[in-house]
Structures are given as C-alpha cells and as structure tokens.
Amino acid sequence: LDKQIMNFIEKWLDVPKHIVQLGLWNTKKSYVYDKFNTVNYLRARGDLGTGKSRFLDTFGFISYKPLFTTGAITPAPLFRMIDKWKATLVMDEADLNQSDASNDVIKVLNQGFERGKYILRCDPDDANKVITFDPYCPKIIATRLSFVDKATESRCLTHITSATQRKNIPMEKDLSFYKEALDIRGKLLMWRFNNYFSIKTKVDLNVDLDMLEPRIKQLVSSFACIFSDNKDEMKIF
C-alpha cells in the first residue's frame, strides 16, 4: 500500500523525495487522525503555475474523506461542514484578506488544530440554546503567500512549489487518476479498520529533536506513531 501511494504521488506530482515520504505519512495519519490530540496542516506555497493545485489534488484525493473548498468560503459553512463530515479539509486559494488573528476563517483554522477547541453559536430559534461545532480535522492548504498570523503559519508543514521540469507528468487528470485514487482510499480505509486500535498515540522516539521548534516537534512526532514498530521507517523519520 505504501508503495502504491508513493508511486501515485510521483506519477502525478513533481516534488522531492522527502515530500513524497512526508505526504505518505500525512495521508495515512489522516485516516486515524481522531486518535490524536493535534493535527498538522500540509501546505503548498508558491506562485501561479508552480503546481499548487496539483499538490492539493494529488494529496487531497487520497486523504480521508476529502472535502474540497477555497479561501472564498465564509466561516459558518466551513465549521459546519467539518463538524458534520469529520473530513480532511482541502482548501485552495487560501490567501485570505487580512490573514491575521482577526479573520474568522483564520480562527477556525487555528482552533481546528487541536481536539476540544469548539466553536459556539446560539440556536437562531432559541437564544437560550447553545450549539457546539468541532473544527478539528486534517487540512491541506494552498497559498501564494505566508499567513500573517504566525499561529496559523506554525501549524503548517510547508512545501515551497516550483515549476516542474519533468516531461512525464500528465498535464490533465484523466479517469485513471480518479480510479486509482478511489482504489487507494478504499485500501486506506481497510488499513484504518485493521490498525486503528493497535496504533499508539505516543511512542518513545529515542531521537534527538532538540534542533526543532517545539511546535514542529508537536506536529511531526505523531507521524512516528503510525510506524513505531517498523525500524526501517523510523530510520527514515
């Protein structure tokens, strides 16, 4: 399954090997994200024509219950859809006006990083009734620029995109793209069924991560829970 996922990524997307590996781990984690207290956001950042949309499509279509949207969305439908579907949010053109802490979509992204950070709204039919929405879910994002809000920026594992020089990447996604993505999603769902209760939520890494910022440690350490019993993958990690 890992090999099929990596072959799919490399067929449709021109990214370095370490991004392929990171994308594999990120994809598998999306299928068991509800085991963990925090999630990272996988983000492509770059100018037009550098493959950001292909990045979103390639990783998005094999992630857990992908929910595609754009930065043009308002916060109300955004957190309602996440709460209803418990999906992987795939957001294109996420360069928001005033992407600082005052932007309501930014607030949803910041709260959706950690379990238990609910959004509260009054019931329009009963002012005494409070409705809770849970924005916690994996997210894959594409932007041209960095977020102004440093908290949002710190939640992202970012790949800086550039125009591809490869000639063997299909220009358009054809039926084979969607068929293989569907096949991979089915296998990953079975992987979730087979492994959900055996995956540890915390492992002793025995790896020196002191060179990393605390937030980055928090983001990447949960990847190791997926392959903690595999010495070869731990060495790559």
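Reader: Is Tyr33 buried or exposed?

Author: Happy to start there, and keep in mind that this is a predicted model. A residue counts as buried when its relative accessible area is under 20%. Tyr33 has a relative accessibility of 4%, so Tyr33 is buried.

Reader: How many aromatic pairs are found in the whole structure?

Author: Rings of Phe, Tyr and Trp pair if their centres lie within 6.5 Å. Searching the whole structure for such pairs gives a count of 16.

Reader: Are the rings of Trp25 and Phe227 stacked, edge-to-face or tilted?

Author: Good one to work through! Planes under 30 degrees apart count as stacked, and those over 60 as edge-to-face. The centres of Trp25 and Phe227 are 4.8 Å apart and their planes stand at 35 degrees, so this pair is tilted.

Reader: How many residues apart in sequence are the parts that Trp25 and Phe227 tie together?

Author: Let's place each ring. Trp25 belongs to helix H2, residues 17-30. Phe227 sits in the loop between helix H8 (214-221) and helix H9 (231-236), so the pair ties together parts whose separation in sequence is 202 residues.

Reader: And what kind of pair do Tyr33 and Tyr136 make?

Author: The same cut-offs help here: under 30 degrees is stacked, over 60 is edge-to-face, and the rest are tilted. With centres 5.4 Å apart and planes at 50 degrees, the pair of Tyr33 and Tyr136 is tilted.

Reader: Where does Tyr136 lie, and is Tyr136 buried or exposed?

Author: Tyr136 is in the loop between strand S5 (126-133) and strand S6 (139-143). Its relative accessibility is 2%, so Tyr136 counts as buried.

Reader: Which residue has its charged end over the ring of Phe177?

Author: Phe177 belongs to an aromatic cluster with Phe8, Trp12, Phe61, Phe68 and Tyr178. A charge sits over a ring only if, among other things, it is within 6 Å of the ring centre. At 5.9 Å from the centre of Phe177, the charged end is that of Lys173.

Reader: Is Leu120 buried or exposed?

Author: Leu120 is in strand S4, residues 119-123, and joins Tyr118 and Val130 in a nonpolar surface patch of about 310 Å². Exposed means over 50% relative accessible area. Leu120 has 52% relative accessibility, so Leu120 is exposed.

Reader: Which residue's backbone oxygen does the side chain of Thr143 reach?

Author: Thr143 is in strand S6, and at 1% relative accessibility it counts as buried. Its side chain comes to 2.8 Å from the backbone oxygen of Leu145.

Technical notes. Residues numbered from 1 in each chain as written. Predicted model: local features only at pLDDT ≥ 70, side-chain atom pairs only at ≥ 80, totals over all residues. Heavy atoms only, no water. Phe/Tyr/Trp six-rings, centres within 6.5 Å; stacked < 30°, edge-to-face > 60°. Helix = DSSP H or I, 4+ residues; strand = E, 2+ residues; numbered from the N terminus. Buried < 20%, exposed > 50% of the residue type's maximum accessible area, 1.4 Å probe, protein only. Lys NZ or Arg CZ within 6 Å of the ring centre and 35° of its normal. Patch = residues over 30% accessible without salt bridge, like charges linked within 9 Å, V, L, I, M, F, W, Y side chains within 5 Å. Areas by Shrake-Rupley, 256 points an atom, 1.4 Å probe, with all protein chains shown as cover. Salt bridge = Lys/Arg side-chain N within 4 Å of Asp/Glu carboxyl O. Polar contact = N/O pair within 3.5 Å; in protein donor to acceptor, adjacent residues only side chain to side chain.
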